[in-house]
Amino acid sequence: MIRQAYELGLREFGENYVREFEDKAPEVADLADARFHLIGHLQSNKARKAAELFQVIQTVDSPKLARRLNDAGRALDVMLEVKLSEEEAKSGADPASLAELIEAVRACGTCDCSA
């Protein structure tokens, strides 16, 4: 399906899970100008693998995760995930800690933060 969308002109693709894309990545590695976004919640213990597989991480929600992505040593575009809902099932940084998170991401040399 990714290949068909690529042939139709799409270049930006999203995936919810690191593990699922890990299986797909070898099949789409030849799509030179395609960019793959992690759009699902990312645990810090999977940050290194995510940095290897994706060009964009849309769910950075903690300074610890930002540092782990930075430590992977690969340039990434990152977006911050902020929890604005009271729902327990939702992920994201607490709005009160947003300044700290932005500061942590800006301190990372390999992350380009879009807040």
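What radius of gyration does the protein chain have, and what would a compact globule with 115 residues have? The protein chain has 14 Å, which agrees with the value near 13 Å for such a globule; the radius is taken over C-alpha atoms, and the rule is 2.2 Å times the number of residues to the power 0.38. This is a predicted model, where local features need pLDDT of at least 70, side-chain atom pairs count only at pLDDT 80 or more, and totals for chains, interfaces and linings use all residues. Residues are numbered from 1 along each chain as its sequence is written, and side-chain values use heavy atoms, with hydrogens and water left out.

**View 1. Helices and strands of the protein chain.** Here you meet five helices and five strands, in the sequence pattern α-β-α-β-α-β-α-β-α-β. Helices (H or I, at least four residues) and strands (E, at least two) are DSSP runs, numbered from the N terminus.

**View 2. The largest nonpolar core.** This set has 30 residues, and L42, F54, I57, V60 and L69 touch the most other members. Such a core joins buried Ala, Val, Leu, Ile, Met, Phe, Trp, Tyr and Cys residues through side-chain atoms within 4.5 Å; buried means under 20% relative accessible area (1.4 Å probe, protein chains only). Elements that each supply at least two residues include α2 (18–28), β3 (56–60) and α5 (98–107). Across the protein chain, 35% of the 115 residues count as buried.

**View 3. Contacts along the chain.** Take the contacts (heavy atoms within 4.5 Å) between residues at least 6 apart in sequence: 41% join residues at least 24 apart.

Technical notes:
Buried < 20%, exposed > 50% of the residue type's maximum accessible area, 1.4 Å probe, protein only.
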